[in-house]
Each structure stands twice: as structure tokens, then as C-alpha cells.
Amino acid sequence: MVVVGASTGLGRCLGVGLGQRGAKVALLARRESLLSDAANEAGPGSLAIRCDVTDESSCRDAIDEAVKGLGGVDAVIVVAGISELRRVEEIDAAAWHRMFGTNVVGASLITAAVLPHLKESSGMIAYLSSVSASLTAPWPGLASYTVTKAALDKLVEAWRSEHPEVGFTRLIVGECAGGEGDGTSQFTASWDLELAGELFAEWTARGLLTDKLMDVEHFISAVHALVQCGASVTIPTIAMTPRRPI
């Protein structure tokens, strides 16, 4: 298995958790020092490979190294993504390009690089999406994130349409704090705290946000089950969100 975006947050939790559940894993991300620690946690034989998903050659080289080290690829989980908190009218061109470059273009570059290997193994690839793009109204302040995740949803469908011999899954994920240390979710790390305070009140008032969080171990177990389903199964979409009180 290859986990893309595995240096911190949910990606790290998945890479480590899947490795500890017996998978041979290659962990890909930009920050090599964090990856090395994650690979050690994941277990013997786990690989730490530098990859910048916005760079086409970096994606190709990283996948080639993963295939060589693992002896092939059966499954890929694309977690790499960034978020920005801004009112929609304040999002400038640079921010839009940055968000699309990682969340959409990066996902497609990784897919193109790994596609021949997934065809060979009749494998599958899953992409982390968001409830804000699929299950709820857009969250104020997260327009650039929501729009890119909605584009990612269509990108997954486009890949599935043109390459039905590979399994493509959209993995919709709700609120989850991740694990401990570097496994803690980095989703809010770059946010303006004053604006976040204002928007949290809006999200709560609109029923978009509750105080419930998904257990990261349950999330990892669900993904582990997904990647073990085999080539005879097509799973277009899975949605995992915190259970809300009635």
C-alpha cells in the first residue's frame, strides 16, 4: 500500500495503522524527517519516500521507488491536502492556485503515476474528500477547500469512467482529531484564530459542527477493511462521520 500525505495528521495515522495491521506500506510526503519516524512506527519494511504532489516528476519518482521497494502496489490512499480559512471574497488568485495545485492537480498527478501498477495488480485507489463538499452546505470560510474537494469528487468519477479496471473510491471523512503527537490533525494549523472563533459560532448555529469527533482507530479499521475487499468489488463512495445524538 502507498499512503500519500503520510507525514502528519490522518495520513500518518493511516500509514502507521495500516503497517501495524500487517500491510507493507510506503509513506509519501514532503517532510522526510517526519516520514522516517512514521515508517519506524509502521513496522519493519515500511518505506519513507519524499514526494511533492504538486511536482509531476516528484510523483513519478516516488511511485517508482515505492513499487521497487514494495514489489508492486495493490492500493493507494491519497490523503495529501491543504485547507485555508478565509471569507470567500478574500480568496486571491494565489490561494486558489495553491489549493487546486495540491488538492486536485496533485491527486491526479499521483494517480497518473501509479495507474500502470494498479492496472497490473487490479488494485484500488481512495481519495479523502470532505463532508463540506458532499454531505452538507458549504461551510463559511472554507470555500476554497470545499470547492477543491468538490472538484476532486468529479475527478475521481472521471478516472473511474476512463479506467474501470481499477477501483476508485471517494472517501468522505467528517470531524476527526487524528492521533497523538505528529498524528494530530493539521487541518486547522494555518488558520487565523480570530476568524476561526467567529466562524465556529456560525458553523454551530447552522448545525454544521457538533462537539462529536470520530475515533481515529475506527477510521483506520474502516480503511483497512476497504483496501482488503479485493478486485471483484467496486466501492464508489464511503462516508464516515461522527455519530450525532438524536
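The lining of the largest cavity in this predicted model divides into six nonpolar residues, one polar residue and one charged residue. That cavity has a volume of about 40 Å³, and a search of the whole structure finds one cavity of 30 Å³ or more. An open pocket, the second largest, has a volume of about 400 Å³, and strands 1, 2 and 3 are linked by parallel pairing, strand 1 with strand 2 and strand 2 with strand 3.

**The largest cavity**

- The residues that line the largest cavity are Val78, Val79, Ala80, Asn103, Ala107, Leu128, Lys149 and Leu152.
- Two helices each supply at least two residues of this lining, namely helix 4 (93-121) and helix 6 (143-162).
- Within the lining, Asn103 counts as polar and Lys149 as charged, in keeping with the division into six nonpolar, one polar and one charged.

**The second largest pocket**

- The second largest pocket, with its volume of about 400 Å³, is lined by 24 residues, of which Asp74, Ser122, Gly123, Met124 and Val227 are the closest to its centre.
- Strand 6 (167-173) and helix 8 (216-227) each contribute at least two residues to the lining of this pocket.
- By class, the pocket lining comprises 12 nonpolar, nine polar and three charged residues.

**Strand 2 and its side chains**

- In a regular strand, side chains alternate between the two faces of the sheet.
- In strand 2 (residues 26-29), Ala26 and Leu28 point one way, while Leu27 and Ala29 point the other way.
- All four of these residues, Ala26, Leu27, Leu28 and Ala29, are buried, that is, under 20% relative accessible area.

**Pairing of strands 1 and 2**

- Strand 1 (residues 2-4) pairs with strand 2 in the parallel sense, and three bridges connect the two.
- Val4 of strand 1 lies opposite Leu28 in strand 2.
- Between these strands the chain passes through helix 1 (residues 9-20), and the resulting β-α-β crossover is right-handed.

**Pairing of strands 2 and 3**

- Strand 2 is also joined to strand 3 (residues 47-50), here by four bridges, and the two strands run parallel.
- Ala48 in strand 3 is the bridge partner of Leu27, a residue that points the other way from Ala26 and Leu28.
- Strand 2, helix 2 (residues 32-42) and strand 3 form a β-α-β unit that is right-handed.

Terms used: Residues numbered from 1 in each chain as written. Predicted model: local features only at pLDDT ≥ 70, side-chain atom pairs only at ≥ 80, totals over all residues. Heavy atoms only, no water. 1 Å grid on protein atoms, 1.4 Å probe; cavity = no way out; pocket = protein on both sides within 12 Å on 5 of 7 lines; lining within 4 Å. Points joined across faces, edges and corners; volume = space filled by probe spheres on them. Buried < 20%, exposed > 50% of the residue type's maximum accessible area, 1.4 Å probe, protein only. Pairing = 2+ DSSP bridges. Right-handed = clockwise from strand over helix to strand, strands pointing away.
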